[in-house]
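Please look over the structure shown here. The report below covers its salt bridges, domains, metal site and backbone features.

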Amino acid sequence: MASTLNRLLETFARIGATPDGGVCRLTGTPEDGGARVRLAAEILSRQFGLHVDPIGNMFGIATLAPSSQEAVLVGSHLDSQPTGGRYDGVYGVLAGLLAIEAVVARAAAEPGKARRNLVVANWTNEEGARFQPSLTGSSVFAGMMALDAALGLIDGAGVALGEALAAIGYRGTADLPLEPRRYVELHVEQGPLLEEEGIEIGVVTGCWAARKLSLVFHGEPSHTGPTRMARRRDALRAAARAIELHHQLIEASGSGAHASAARITVDPNSPNVTPSRVQVWFEFRHEEAAVAVALGDAFLAEAQAAVAPLGVDIEIAVDEQRGTASLDPHGAALTTAVARELDLSSMEMKTIAGHDALALNKRMPASLIFVPSQGGLSHNPAEFTDEAALDKGLAVLTEVLWQLVTEE
Ligand SMILES: [Zn+2]
């Protein structure tokens, strides 16, 4: 029989389901709205309080200690990539909901033990697929991004995030009425390490560094027919050269860095005009910030030299450098101890992907717990984690939350 968690995951996988078995729930779309309505119903059916803040973050509040203003937060996100899987984000929200339900039942059975309250959160636009940058709701909540700037983020069609949230009825007004003290997030790993090592629980101690370079290649528009080849200044050809160079440089470096060029816009994007302006988003990720920065520098120098003979110039539109960060050591130690108590194997690891926990860690001690991803596959409709592994993560999360609400 399927676990309650798996049944809930099935229900949410139908909202924004794609024909290939994945989900597409971009922020502020009717699909995102549908998932939010469903989550609100799940929150209210458990007699938790529901709040939606001005950037659309949803909070389900379980009052365990009425005299305390303190809360431990748990959650993740319901939005997805266009080629999203059924677990990324939604697992952490639904497991958070069920973990809180279990802690509430235990607190009722052991009165007087709970010293603070619990909140399940759905953070707006974690993925950054429709609106950039990612981690929007959690960054606003952490005080790292101004609310107005976040509401004013524009998608590819010129729609602002604030308008999109209002359109689905989730541009709220209620700030969280409690003092957040800690955050815990449960997530699928999205990489292969836990599966390769045969480990059940990943205790995330920090994150890799990333450098994101958005480069604009400036050429010149001309007719794709009569213009002599030597006369053309083709920005797309230059971008292609730089993209391949980027991969070669990473391979040759032997640094273990991860890198990709995953987004491109071409202007005027007409079959009969040589591309005059092409923008490409490149990224470099490495365990050490200095390596990510140095790889970016080397790439810029080589790319400029490689495209100059094509009569194309490179402009740096964005150069975003994220350093490494350490998550809460107390939460990591607690997670390791809980896994041992529950007879589950665990290992410490770093996250290569961005997560809301990393943004929230700027405001309060934050923890991140992983369960294995089959084949390390994510942002893909075939993303899969089996039910037993999902339930193990839930069991660890539940016990960690119990410890955090009852400890001194
Ligand atoms: Zn995620």
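The side chains of Glu 287 and Lys 350 meet in a salt bridge, with N to O at 3.5 Å. This is a predicted model.

**Between the domains**

The domain assignment splits the protein in two. Domain 1 is made of residues 4-208 and 325-406. Domain 2 covers 209-322. Glu 287 therefore falls within the bounds of domain 2, and Lys 350 within those of domain 1. The C-alpha centres of domain 1 and domain 2 lie 34 Å apart. Eight residues of domain 1 and nine residues of domain 2 make the contact. Together, domain 1 and domain 2 bury about 690 Å². Carbon and sulfur atoms account for 50% of that area.

How many salt bridges cross the interface of domain 1 and domain 2? The rule finds one. It also finds three residue pairs in polar contact across this interface, with both residues at pLDDT 80 or more. On the side of domain 1 that touches domain 2, four residues are nonpolar, three are polar and one is charged.

**Salt bridges**

The count for the model comes to 23 salt bridges. One of the pairs is Lys 392 with Glu 200, whose closest N and O atoms are 2.9 Å apart. Lys 392 sits in helix 12 (residues 387-406), while Glu 200 is in the loop between helix 7 (193-197) and strand 6 (201-207), so the pair ties together parts that are 192 residues apart in sequence.

**The zinc site**

Which residues coordinate the zinc ion? His 77 (NE2), Asp 88 (OD) and His 187 (NE2) do, at 2.0 to 2.2 Å. Along the sequence, these donors follow the spacing H-x10-D-x98-H. His 77 and His 187 link distant parts of the chain, 110 residues apart. His 77 lies in the loop between strand 3 (70-76) and helix 3 (90-109). His 187 belongs to strand 5 (residues 179-188).

**Backbone features**

Two cis peptide bonds are listed here, each leading into a proline.

| Cis bond | Omega | Location of the proline |
|---|---|---|
| Gln 132 to Pro 133 | near 5° | loop between strand 4 (117-122) and helix 4 (136-141) |
| Asp 267 to Pro 268 | near 0° | loop between strand 8 (258-267) and strand 9 (277-286) |

Where is Asn 125 found? It is in the loop between strand 4 and helix 4. Pro 133 lies in that loop too. Asn 125 has phi near 50°, a positive value in a residue other than glycine.

**In brief**

Domain 1 and domain 2 share an interface with one salt bridge and three polar residue pairs. The zinc ion has two histidines and one aspartate as donors. The loop between strand 4 and helix 4 holds both Asn 125 and Pro 133.

Technical notes. Residues are numbered from 1 along each chain as its sequence is written. This is a predicted model: local features need pLDDT of at least 70, side-chain atom pairs count only at pLDDT 80 or more; totals for chains, interfaces and linings use all residues. Side-chain values use heavy atoms; hydrogens and water are left out. Contact means heavy atoms within 4.5 Å. Buried area is the accessible area (1.4 Å probe) that two parts lose on being put together, summed over both. A salt bridge is a side-chain nitrogen of Lys or Arg within 4 Å of a carboxyl oxygen of Asp or Glu. A polar contact is a pair of N or O atoms within 3.5 Å; within protein, one must be able to donate a hydrogen and the other to accept it, and residues adjacent in sequence count only if both atoms are side-chain atoms. Ala, Val, Leu, Ile, Met, Phe, Trp, Tyr, Cys and Pro count as nonpolar, Asp, Glu, Lys and Arg as charged, and the others, Gly among them, as polar. Donors are N, O and S atoms within 2.8 Å of the metal (3.2 Å for Na, K and Ca); water is not among the atoms, so sites may look incomplete. Helices (H or I, at least four residues) and strands (E, at least two) are DSSP runs, numbered from the N terminus.
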